[in-house]
Amino acid sequence: MCIRDSVDTFLDTFSDPTLTWPDLARLRALTDLPILIKGIQTPDDATTALDHGATGIIVSNHGGRQLDNAPASLDALPAVAHAVRSHTPGAPVLFDSGIRTGADVFVALALGADAVLLGRPWVHGLALAGADGIHAVTQHVLAELDITMALAGTATAGDIGRHNLAGPRS
């Protein structure tokens, strides 16, 4: 398979330029299930998604920093989280980008995420030891989060905030 075939397969699988925000509203009318929109990088896109029926937001660039120099999701997280909370209090903000350790989880929570998605590490656990590997990876990340919280003097995830981070954050 040549590179162009790979690009075409990617575009056919992951990109449908005919989809628009009203399609999300149509999907919302078809189900009572939660709808989380992944790939949000701006406050405007976050509020637009919520206006069209999204239940919550997943801040992510889908690996775009490698493909098209997209902004770092961690840089986008604070503004998106603030916009979501101002627009639709209680709507969840999840973060999916580069979470590898408990310290990564801590930083994402401090910058406004309600939860994180653990991408690559669980795949490594699966490859090494199947379901037991996934369980082990998850337990290790949680243990690292517990240690990071203890070192920061936070008793609960709700105690984590920007005040726990060194240096200015936008």
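Q: A helix here is a DSSP run of H or I with at least four residues. In this predicted model, which helix does Ile 3 lie in?
A: Ile 3 lies in helix α1, residues 3-14.

Q: Why is Ile 3 called exposed?
A: Exposed means over 50% relative accessible area. Ile 3 comes in at 68%, so the label fits.

Q: What makes the nonpolar surface patch that includes Ile 3?
A: Val 7 and Leu 11 join Ile 3 there, and the patch spans about 270 Å².

Q: How do you know that β1 and β2 pair?
A: Two strands count as paired if DSSP finds at least two bridges between them. β1 and β2 (residues 56-59) have four, in the parallel sense, so they pass. Among the partners, Ile 40 goes with Val 59, and Lys 38 with Ile 58. From β1 the chain runs through helix α3 (residues 43-51) to β2, a right-handed β-α-β crossover.

Q: And what about β2 and β3?
A: Three bridges, again parallel, and the cut-off is at least two, so that's a pair as well. Ile 58 sits opposite Leu 94 of β3.

Q: What makes β1 and β4 the edges of the sheet?
A: The open four-stranded sheet is ordered β1-β2-β3-β4. β1 (36-40) and β4 (115-116) each have a single partner strand, so one side of each has no neighbour in the sheet.

Q: Where is the model's confidence lowest in the chain?
A: In helix α4 (residues 64-67), with a mean of 59. Low-pLDDT coordinates should not be read in detail. The chain mean is 90.

Note on methods
Residues are numbered from 1 along each chain as its sequence is written. This is a predicted model: local features need pLDDT of at least 70, side-chain atom pairs count only at pLDDT 80 or more; totals for chains, interfaces and linings use all residues. Side-chain values use heavy atoms; hydrogens and water are left out. Patches are made of residues with over 30% relative accessible area and no salt bridge: like charges are joined within 9 Å, nonpolar side chains (Val, Leu, Ile, Met, Phe, Trp, Tyr) within 5 Å. Accessible areas come from the Shrake-Rupley method with a 1.4 Å probe; for residues, only the protein chains shown count as cover. A salt bridge is a side-chain nitrogen of Lys or Arg within 4 Å of a carboxyl oxygen of Asp or Glu. Buried means under 20% relative accessible area, exposed over 50%, partly exposed in between (1.4 Å probe, protein chains only). pLDDT is the predictor's confidence in each residue, from 0 to 100. A crossover is right-handed if, with the strands pointing away from the viewer, the path from the first strand over the helix to the second runs clockwise.
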